[in-house]
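Hello,

Please find the structure we spoke about below. My notes on it come straight after.

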2 protein chains.
Amino acid sequence: MGKTVLLVEDEVRIREVVADYFKQDGWEVYETDNGSSAIDWYDAVYPDLVILDIMMPQMDGFAVTRQVRKRSGVPIILLTARSSDDDKIHGFELGADEYVTKPFSPKVLVARANSLMKRATEHYLPTGHMISFGQAIVNMKSHQLQLEGKQVELTPKEYELLVFLLHHKNNVLSREAILNHVWGLDFDGDSRVVDTHIKKLRAKLSCESHHIKTVIGTGYKFE
Amino acid sequence: MGKTVLLVEDEVRIREVVADYFKQDGWEVYETDNGSSAIDWYDAVYPDLVILDIMMPQMDGFAVTRQVRKRSGVPIILLTARSSDDDKIHGFELGADEYVTKPFSPKVLVARANSLMKRATEHYLPTGHMISFGQAIVNMKSHQLQLEGKQVELTPKEYELLVFLLHHKNNVLSREAILNHVWGLDFDGDSRVVDTHIKKLRAKLSCESHHIKTVIGTGYKFE
DNA sequence: CTTATTAGGACACATAAAAGACATATAACC
DNA sequence: GGTTATATGTCTTTTATGTGTCCTAATAAG
């Protein structure tokens, strides 16, 4: 699965240009022009990166940042027309990771996004880094699962699914959100594929499968 | 209240650098260079996070992990020297939440610590949109009810009903009104379904069930 | 005390998810 | 290029869970 970015910008011209550059660079781009729908989009796709314009009608970039930060520590880039230090402090306090001042070059923005992602990825998955739960250790480098000292092979989908669940521990994830993130937006099959892969993951997790909770009517949750 | 971390590392140089980074990030840092005093420190300060070097004289990181785990589920990060320790991790009892391989960047370690803390905190005190009453917290995101620290699973209807009551606190709600809002206008069944679901909600609310008052001849009220 | 109304329990029915079987797609190998 | 193995996705059956109805006991109102 490629990198996904949620782009929130009300000026159509800027949004389209930026989106094009990101697509060119291999990103999957979700676009919206206002803050309140941005939150809905976030919950639906769980993007790897969020780019927010500060100046937007109704719900501005700061407000969106606050809402997103309630949900996760996903990298956030704020786009600003103002360059005053007050704004910067305000934004950093709220949890934005970077500031890009308008006018900016889309190339530079993509470059910053990539370096931020790289940092975030290292931060999530540094080499040799592992996450454990119960008797299990997930090796983020070899994409393997170690269970009671034994190696358990995971298929790519199983691995992606497990990592997505782990990164959103304790959050209820709808089939929709899981599909969008692990399978991608272009997947147009039955949302029950998620069930099938959850089933297979549970089988491989064996004694630790209880961590994956079914949330009836919605989806799943990792605890 | 600031975050506190107990740092157990026998190499002075590493310990001091790491401690500095954590202090810089607003943490209160307790340091010690050996495993046995680590337990004493733990009992004295009850830190929010424990960072342990695996390789230590006398009592190693695994032993300390075991001791700490007897006391609580506090987040633990183990520092391992290169991947040669991977083999050791195989056979040992687990219980640490993360493993960071040396050499590591102190920045990354602080970042990991923060995200781990965030997860742990979310787990204990879910943020996001919540409504609380008495000892209960309703999480509008996970559709769950937390009662005296324990998660209580709500079915979709129970959740909708509870949220409707909460949104109209202190208002007497007729069965008709409840039906129309929670079941929808098209529902053509018996209005006594409301009673049944109120009953089930009360059972799940247990000690907080007194908030749901019966208004005889009309319906119910949440106080 | 009588009647109206609700609570509680038992049960039937509806819906959602798990399990299993199978078909198709993808990759690896000869 | 054809063959095999593996991974992925769909379909059907089984199981679990949620929902709604009914009946009886308890409780409140008149």
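What follows describes where the protein meets the two DNA strands. Please keep in mind that this is a predicted model.

DNA strand C

There are 20 residues around DNA strand C, and those that come nearest are Arg192(A), Thr214(A), Tyr220(A), Thr214(B) and Tyr220(B). Of the atoms of this strand that come within 4 Å of the protein, 68% belong to sugar and phosphate. Tyr220(A) places a polar side-chain atom 2.5 Å from a phosphate oxygen of DNA strand C. Gly217 uses its backbone in both chains: a backbone N or O atom of Gly217(A) is 2.9 Å from a phosphate oxygen of the strand, and a polar backbone atom of Gly217(B) is 3.0 Å from one. Helix H8 (193-205) of chain A and helix H8 (193-205) of chain B each supply at least two residues of the surface near DNA strand C. By residue type, that surface has 10 charged, six polar and four nonpolar residues.

DNA strand D

DNA strand D is surrounded by 23 residues, with Thr155(A), Trp183(A), Lys200(A), Thr155(B) and Trp183(B) the closest. Sugar and phosphate make up 78% of the strand's atoms within 4 Å of the protein. Polar side-chain atoms lie 2.6 Å from a phosphate oxygen of DNA strand D in Trp183(A), 2.5 Å in Thr155(B) and 3.3 Å in His197(B). Helices H6 (156-167) and H8 of chain A, and H6 (156-167) and H8 of chain B, give two or more residues to the surface near this strand. The residues there divide into nine nonpolar, eight polar and six charged.

Regards

Notes
Residues numbered from 1 in each chain as written. Chains lettered and ligands numbered in written order. Predicted model: local features only at pLDDT ≥ 70, side-chain atom pairs only at ≥ 80, totals over all residues. Heavy atoms only, no water. Near = heavy atom within 4 Å. Polar contact = N/O pair within 3.5 Å; in protein donor to acceptor, adjacent residues only side chain to side chain. Helix = DSSP H or I, 4+ residues; strand = E, 2+ residues; numbered from the N terminus. Nonpolar A, V, L, I, M, F, W, Y, C, P; charged D, E, K, R; others polar.
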